2 protein chains.
Amino acid sequence: MNEITSSAAEATRSRPPVTAFLADWVTKLRFSDIPTEAVETTKRAFADTLSVTLAGAGEAAASRARQALVDEPGKSLVIGTSLRTTARTAAFLNGVAAHVHDFDDGNATMLGHPSTGMVPALLALADERNVSGEQLITAYVAGMEVGAKIARAMTYQHNANGWHTTSTFGTFAATAASAKLLGLDAQQTRDALGIAASMACGIRQNFGTSTKPVHAGRAAENGVMAAKLALAGIDASPTAIEGHEGFMHLFGDLSVICFEDAMRDMGAPFEVMRINVKLYPVCAMVLPALDVLVEGLRNKELDLADITSVRCGTSYQTLNIMRYDRPESHLQAKFSYSYCVAVALRKGDVTLADFTPDALKDPATRKIMESVEPYVHPDQSTPELFEPLYRAGKAFTEVDVMRRDGSLFKRRKSNYIGSSSDPVSWEHLERKYRACTDGMFDSARSDLILTRFQHLDRLNRVGTPILLGLEELQ
Amino acid sequence: MNEITSSAAEATRSRPPVTAFLADWVTKLRFSDIPTEAVETTKRAFADTLSVTLAGAGEAAASRARQALVDEPGKSLVIGTSLRTTARTAAFLNGVAAHVHDFDDGNATMLGHPSTGMVPALLALADERNVSGEQLITAYVAGMEVGAKIARAMTYQHNANGWHTTSTFGTFAATAASAKLLGLDAQQTRDALGIAASMACGIRQNFGTSTKPVHAGRAAENGVMAAKLALAGIDASPTAIEGHEGFMHLFGDLSVICFEDAMRDMGAPFEVMRINVKLYPVCAMVLPALDVLVEGLRNKELDLADITSVRCGTSYQTLNIMRYDRPESHLQAKFSYSYCVAVALRKGDVTLADFTPDALKDPATRKIMESVEPYVHPDQSTPELFEPLYRAGKAFTEVDVMRRDGSLFKRRKSNYIGSSSDPVSWEHLERKYRACTDGMFDSARSDLILTRFQHLDRLNRVGTPILLGLEELQ
């Protein structure tokens with residue numbers, strides 16, 4: 001072997017065996033290893049994801065995706081319809097619906113949306129075969145751990161470069177979860193993760209278009225497909241994640257990647273404890289500002305009629321992602337800092353109804369947007385300044401509201417209601433679920449659905465129709 | 001808008017509109033714009049790809065992929081079986097089969113295998129609807145142009161980094177081809193290319209495993225899916241390829257990318273004129289050496305019994321990709337320089353039969369491998385030295401064969417039989433087709449199939465069953 005290839009091969013050999021380690025860990029995880037509070041958080045994640053998927057199923061992007069793949073019949077339910085399709089297609093379509101409102105949960109380590117990939121993948125597979133609630137929860141917890149730990153190893157740089165982590169890391173999360181649910185052994189799981197390393201994709205240039213939810217659908221579908229291909233015997237490189245031409249090198253920056261970080265502190269704590277749930281259907285980066293303003297209005301410290309300007313100091317990354325200063329579509333509006341703030345100021349709330357083509361044209365909201373100015377706070381203006389703050393949970397939004405009388409309302413906030421440091425309760429989730437499914441079910445069924453999610457760990461057999469109360473429990 | 005986001009947005013705005021330009025060009029291309037020799041080359045590409053797909057359909061990786069997706073019935077034929085499935089699944093499965101032997105064609109500009117993505121995508125779509133041979137050829141030519149020109153803009157660096165271009169650029173080629181065949185308008189085609197930018201994937205760490213042909217399948221499937229999603233109304237960023245968080249930035253190196261290169265000299269000449277067809281089922285990088293040795297044996301200048309050592313000077317990249325010095329599987333053997341050379345020395349030929357688990361164990365071949373030494377030639381040892389040579393068609397292999405009597409047989413070769421500078425004839429292809437399909441058809445049907453490919457441009461209705469002689473012409 002020549003010098004160059006041996007040095008490249010040496011680089012692969014000298015790296016810790018990330019792919020094999022994660023695969024092995026996934027196969028060994030048992031339901032009994034998962035603490036009660038992590039089980040509870042996971043049950044809420046399923047309920048939350050189903051809520052937003054039901055709300056999303058009627059959106060144009062979701063129905064267009066269904067139309068493109070209408071010809072694939074199978075056993076898995078397309079949520080919000082009576083259509084049944086193959087597991088990978090259901091995973092894709094439900095992933096699109098779950099993410100289309102940008103109302104689905106996030107994980108701080110993964111820097112993206114984990115449930116929008118994992119839950120559709122797991123439910124689609126559950127519809128194909130008999131699995132229990134415990135299996136579903138264990139698979140989810142395993143997937144989250146894998147997606148988040150790969151993300152931690154690659155640091156914020158992967159995200160900062162412009163990758164959509166929901167799709168890149170989400171592919172690994174959905175793959176590990178699917179592999180666990182299908183009962184793959186350690187080598188098959190390693191192959192599945194290796195195949196996933198060749199399926200990860202998703203660029204942030206498509207934010208603000210209906211391709212963004214397609215990213216989530218693809219993560220879900222990739223997970224199902226990678227697991228099924230590995231189960232059928234397709235093999236992959238044992239070092240597909242860490243190898244010298246592997247995922248981490250190609251999707252990351254070797255100067256910051258710490259391979260060992262992918263293998264440290266597995267389940268200590270479980271990454272599901274870092275789930276952030278949204279109470280407003282917009283990009284998470286504006287949520288601290290919305291909380292500040294909604295609370296100020298509710299407490300009567302603020303009154304829209306008295307406000308002359310609102311300045312919001314945030315990070316360079318927030319305004320890179322929330323890039324639509326004057327949104328031209330309702331999907332862009334979710335990534336418009338000014339639009340989201342203007343809605344909150346006007347209504348003291350931000351709801352799904354504020355993100356329709358008609359709502360977007362509302363002249364009153366447009367007028368308020370003129371007085372809203374997001375800016376990059378100097379302390380968060382570069383990756384070097386921002387990332388340490390973000391990692392420490394100290395990235396912040398500084399809100400300055402100027403009143404007509406010259407007085408200033410000034411607040412600084414680092415988290416938001418629903419983020420892991422201020423987590424949602426079942427009551428929060430019930431309100432969100434009712435708002436997302438308004439008019440879809442009669443009250444008896446609506447209650448039944450919620451109860452089934454609350455008792456997910458006790459169901460011997462799950463599947464989307466069962467969770468939706470469409471089939472009797474067995 | 002703050003300084004940072006406006007500079008990022010400015011970066012996008014100041015770049016030439018690659019995505020829109022390519023989409024527009026694709027929609028305007030007509031069959032009558034394509035010179036006769038390009039039509040002939042394209043017909044040969046279809047025949048060549050069908051040959052290798054038929055040969056590949058029986059391979060383990062192809063049958064495993066079928067097993068994983070066995071539950072998706074539809075209208076499109078899975079080549080080599082009687083199974084019909086959806087267009088996107090057929091595209092995937094036929095792409096896997098087309099690439100599994102690494103016997104499919106390449107394009108020098110794209111630095112990868114274009115037909116293995118485009119032909120399965122186009123045939124799968126043709127099976128769903130009525131299209132003519134002219135439409136099929138025009139779509140292929142359009143797709144090749146798009147995939148290759150994006151590749152040219154990103155330079156060799158994208159490849160050198162470790163991306164599998166067959167899957168990354170191949171996704172764009174298959175998407176443009178699919179969009180053209182489905183008759184998308186300019187905006188829909190732009191959306192399809194934008195969606196494709198979020199689906200491109202494929203890492204080279206998986207070379208030598210059955211995930212490598214999965215990459216080709218994914219390119220084909222991505223093409224079908226991106227085109228169908230765009231047709232159904234899914235939109236994407238108008239600057240998904242060139243934008244500041246777009247494909248070129250994330251999959252390339254901005255310091256070498258020339259955005260304008262993606263838009264120059266479209267069809268002048270058509271990239272189909274740069275197709276390289278393989279006559280041996282192995283990585284293309286060893287083909288010049290095989291040609292030298294086979295010719296030497298045939299001319300009686302070489303005799304295996306007299307040979308003491310064979311040294312082959314090639315590029316750093318060849319030995320990075322052909323990384324299996326002592327292959328452990330028959331798929332690794334296609335990426336083992338020593339194995340391929342040893343087979344050629346022993347048999348004066350390299351055939352599909354040399355890449356089975358049994359053939360791999362042959363002690364005689366293993367023994368000859370000991371005397372074969374590939375090395376990195378100093379003039380091709382870095383990307384800086386290699387890429388200019390490659391671009392100029394002057395990358396070379398230097399073969400030194402030492403005989404027992406101390407005499408040296410020394411040759412230097414830059415191309416191979418079948419590469420665009422020494423292109424295949426229909427006679428070459430007929431031999432390859434017969435070898436690939438040995439025992440599959442009776443002689444009448446075997447002849448009929450070949451004839452249909454030779455007259456592809458005159459068929460009013462095409463589809464895989466028609467090309468395979470399973471349905472009567474209309």
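This passage describes one sheet in chain A and one sheet in chain B of a predicted model.

In chain A, four strands are arranged as an open sheet, and reading across the sheet gives the order 6-5-7-8, with pairing that is mixed. The edges of this sheet are occupied by strand 6 (372-376) and strand 8 (408-413) of chain A, and because each of these has a single partner strand, one side of each is left without a neighbour in the sheet. From one strand to the next, the twist averages 15°. Within the order 6-5-7-8 of chain A, strand 5 stands beside strand 7, and these two strands, covering residues 307-314 and residues 397-403 respectively, run antiparallel and are joined by six bridges. One individual pairing can be followed at the level of residues, since A:R311 has A:D400, in strand 7 of chain A, as its bridge partner.

In chain B, an open sheet of four strands is likewise found, with the order 6-5-7-8 and mixed pairing. Strand 6 (372-376) and strand 8 (408-413) of chain B form the edges of this sheet, and each has a single partner strand, so that one side of each is left without a neighbour in the sheet. On average, and with direction ignored, neighbouring strands of the chain B sheet are turned by 15° against each other. Strand 5 (residues 307-314) of chain B pairs with strand 7 (residues 397-403) of chain B over six bridges, in the antiparallel sense. For this chain, the residue pairing that may be traced is that of B:S309, whose bridge partner in strand 7 of chain B is B:M402.

Methods: Residues are numbered from 1 along each chain as its sequence is written. Chains are lettered from A and ligands numbered from 1 in the order in which they are written. This is a predicted model: local features need pLDDT of at least 70, side-chain atom pairs count only at pLDDT 80 or more; totals for chains, interfaces and linings use all residues. Side-chain values use heavy atoms; hydrogens and water are left out. Two strands pair if DSSP finds at least two bridges between them. Axes are lines fitted to C-alpha atoms, for helices over the stretch in contact, and angles run from 0 to 180 degrees between N-to-C directions.
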